[in-house]
Structure formats: C-alpha cells, structure tokens
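Reader: Could you walk me through this model and show how its labels are earned? I like to see the reasoning behind each word.
Author: Happy to. Let's look at it together.

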Amino acid sequence: MILKPNSPRLIRLTSNVTSATTSDIRVSEQKKAGSPVAKDSRHTPALSVLPVSMLLRSLIINTVSSRPLLLNPTLSVLTFLCKPKRTWLFDVDRNPILHAILKATFYRQFCAGETSSETKAVVQGLKDLGLRGVILTYAKETVFDVRDKTSPTKRVGHLAAETETKFCPSIDAWREGTLKTIDLVSEGDYLALKLTGAGPVVTDAFTRGDLPPQQMLDALRDICTKCQANGIRIIVDAESQNFQRGIARLTLDLMRTYNRDGSALIYNTYQAYLKSMPTTLKSHLEAASRDGFTLGLKLVRGAYLATDERSLFHETKEDTDRAYDTIAQGALRQELWEYGTSVKSPLPSVNLFLASHNRHSLVTARRLHQQRLNEQLPTVPVGFGQLHGMADEVSFSLVQLKDSSGSSPGVYKCSTWGSMSECLAYMTRRAIENRDAAGRTQDEYDALKLEVRRRISSIFSSS
C-alpha cells in the first residue's frame, strides 16, 4: 500500500515495530488472512474501547515513559523504594501520601488491586473491554541483583538447608496468597506463578538447581489440583537467572504430571533474549517427545536486563526478535529444528502462548495460524498476551482481527495483585521495560495522543 506524504493514514515504520493507525492495520491483515472485512471496520479505532480515565492515565504514564528526562528520575525513585528496611517516610505501605501517589499512577496503570474485591473489579473491567481473559499473579517475589549478588530475602545456604524439613511460614503464606488468586479469576483464565515469592528456603534450592522442599511441592499440588478443577491454566513465570535452573527443573516435572491428552495445564516461560534459550527449549521438546506430555510454551522476549548478567543475552534487539519469531513461527508450522514433517521426528504436542508487545511478531503469527487453519495444515493452539497498562493498541488491534467465522483471537492481559510494597519490583520492571523499548513506547504514546485528539474532535464536531 502506497500512501501520500500528507495522507492521514501515513504509516510510520521503525526497525522492529510496524506502527500504523489501527483501522489500516486491521483491514490490511484481514485481507492478507483471507478474512472478510466488516463494512464499518475502518471507523473503529482500537483504543476507542478504553474508558476516559484509563485513556488519560495511560497518556500521562506514557508521557513520562517516552521522555528520558522524566523517566530516569522516576525509575531511580522506584528502585530506591524497592530497597528493604526503609524508614516510615519511604515505606509505601505506611506512608499514606506516598501510597496515594503511587496508587493513582503506576499501581493503577500496571496492577489489578490490593484487595480481592478491588482485583475482581479490575479483572472484570478488562474482560468487558473485549479481551478473552486475564493472566493474574500474586505479586510477592524475590529478585536477585547480579550487580551486588543480593536479593531482598538473601539467606545463608546452610541455614536454608537446616529448615528444609521444617514448616516454613513463607511457603505457607505464598500458598494461601496463590490459592486466593485462583478465586479472583474464572474458567478460561490463567494463573501466573512467581515461585520465588515462597521465600528464601525455596530460592536457595532454586539457586542450587534443586527442587524445593516437600512443603512447596505439596503447595503446588494443591494449586494445580484446584486450577484443574476450575478450568484455569497455569503459567510459571521466568525469573532472575540465578533461580531459573531450579525453576525450569520443577516446571518440567509439573508438565510431566499434568500436561496430558494433548492439553497443557502448565506452561513454562521461555525468554528469547537468552542465548541459551534454544538449547533449553530443545531439551524440553525432547523430554515431551520421550515422556509423552504436552509442552506448554509461553514465549516472551525477557524482562531482567537490569538485574541479570548482560553476557547471557543477545547482543542486539534484532537478534532477540529473530529468535522470538523463529520459535513462534516454527511452532505454528510444527517445523522446529529437527522436528517436523520433513524429518522423521514429528513435533511433540505443544500448546503455544505468545506474550509480546511487538505488533509485527504477533500479527505475523496470527496471520500464519489462520492461514494454516484455512488450508487445513497442521498447527498448534495459540493465545496472545500483553501486560496490563501496556501495548493496549496492540491488544485491541488483535481483538479486531476476526477470522472468517467472526471469532477474535484469544487475547489476554497479564496483571498482578498484592500490596503496594509487594508490587514495587513488578512496577519497577515495567518502567525499565519502557525505558529499554523507546521506539515502542513512542508508538504507544503517539497512538494515545491520536485517540485523545479523535475524542476531542468528535465532541466539537457533534456540537
């Protein structure tokens, strides 16, 4: 499509994100996918579904995120507040003024709620906007910072080993908080697990690459059983690489137990920015093929650049994008490395979930999935997800990409709930992510401004 320089539908291209007005993207992708285009599709901007309060808050947050002079000091403040053992003045749970400021801005933008009732209302509100569902997590976690080799719950290894056979209050509190989280979502939603939230006994085991103590395994059994009964799937989040070897080992064991009959209850998270990710995924595919279980594959780019060892990651974003798209498209084609129809080993059973804010990656994957379904070619089930408070235009553009039967893809928003202090690390990572994705953040900011102008213009034109 060729557009004149003065056209109101001028497409602005960046190196890794295809950005355009929502209506043009939706019409273009529906045509390419062979799907019918509704007559009024060109008059329904994706962000038109956002309530005014959400739209204005998003505009304010993205104004900060798109300007380094505003974002960098904000990020420094959030990082400072994450440090443990602060006085009352800097305690976000005890200082009412500080709490109110954060609650009205970053917390409401990225988090679901501090209480069950507040969280349920936000979850329902997201579904009312047209999303298939939510991915909800209990915010408590441990973040290991490779720069000073510390985490908020740092423990001496032999002390943790001594308590592994005893009752651990931290594990019990995490279990109760996670079971409560299940009650905040409904059938078809996802529960995301931050396993390090169970405390130092568990994190020390993960650091050694070991399975956690039996109390934690029993807690996970209770959680999986309840989710299975309620039709709720489970995503085990990727976390700091200091813990990841133990987390991956545990998650693989859970998939062996619960992912049967071609359906995944448990998903593991694979981070495309890790150079080692293909090796890890290959070994998990081999295990799925050998042991006969379905691999739950949630693919992300990654969110621990600020705290993990830089040498673990790809040198450029282009390399990360290439790794992400290779896995996503290979899984959808059922042609991945030594697996596929052209070789002797078929791809084992896989359920795919693509979590990304990259429009190009997701629209391409959606188009490929629809093409294979239309041509009756083998593919895998796929869902799509973005973070609460981020990439709303991507989310609702995907919702508008209906297939020939009029069905939208399964698009979910990932949110977290918990006290202000429990959510601080999560909010800080979201701010860091906006800093490290300047091009995408600017695209979001431009889309939000365009929607605000459209609404103001419609008010005056109708008066």
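Author: The protein chain holds 16 helices and 11 strands. This is a predicted model, with a mean pLDDT of 85 for the protein chain, and 84% of its residues reach 70 or more.

Reader: Over which residues is the pLDDT below 50?
Author: One such stretch is residues 1-41, which nevertheless has 70 contacts in the model beyond near neighbours in sequence. Residues 152-162 also have a pLDDT below 50, with 14 contacts of that kind. Where pLDDT is low, the predicted coordinates should not be read in detail.

Reader: Why is H2 called roughly perpendicular to H3?
Author: Helix H2 (residues 52-65) and helix H3 (residues 68-82) pack at an angle of about 95°, with their axes 6 Å apart. Angles of 65 to 115 degrees count as roughly perpendicular, so H2 earns that description relative to H3. Thr-63, Val-64 and Ser-65 of H2 meet Leu-70, Leu-71 and Thr-74 of H3. By class, the residues of this contact are 3 nonpolar, 3 polar and no charged.

Reader: What makes H2 roughly perpendicular to H4?
Author: The angle between H2 and helix H4 (residues 96-110) is about 105°, and their axes lie 10 Å apart. The range for the term is 65 to 115 degrees, therefore H2 is roughly perpendicular to H4. On the H2 side the contact is made by Arg-57, Ser-58 and Ile-61; on the H4 side the residues include Ala-104, Phe-106 and Arg-108. The contact of H2 with H4 has 4 nonpolar, 3 polar and 2 charged residues.

Reader: Why does His-314 count as buried?
Author: The cut-off for buried is under 20% relative accessible area. His-314 has 19% relative accessibility, so His-314 counts as buried. In the chain as a whole, buried residues make up 54% of the 463 residues.

Reader: Where is His-314 found, and which residues does His-314 touch?
Author: His-314 sits in the loop between strand E8 (295-300) and helix H12 (317-333). Leaving aside residues up to four places away in sequence, His-314 touches Ala-272, Tyr-273, Leu-274, Lys-275, Asp-319, Thr-320 and Ala-323. The C-alpha atoms of His-314 and Tyr-273 are 5.6 Å apart, although 41 residues separate the two along the chain.

Reader: What share of the contacts joins residues 24 or more positions apart?
Author: Such pairs account for 77% of the protein chain's contacts with a separation of 6 or more.

Technical notes: Residues numbered from 1 in each chain as written. Predicted model: local features only at pLDDT ≥ 70, side-chain atom pairs only at ≥ 80, totals over all residues. Heavy atoms only, no water. pLDDT = per-residue confidence, 0-100. Contact = heavy atoms within 4.5 Å. Axes fitted to C-alpha atoms, helices over the stretch in contact; angles between N-to-C directions. Helix = DSSP H or I, 4+ residues; strand = E, 2+ residues; numbered from the N terminus. Parallel < 35°, antiparallel > 145°, perpendicular 65-115°, else oblique. Nonpolar A, V, L, I, M, F, W, Y, C, P; charged D, E, K, R; others polar. Buried < 20%, exposed > 50% of the residue type's maximum accessible area, 1.4 Å probe, protein only.
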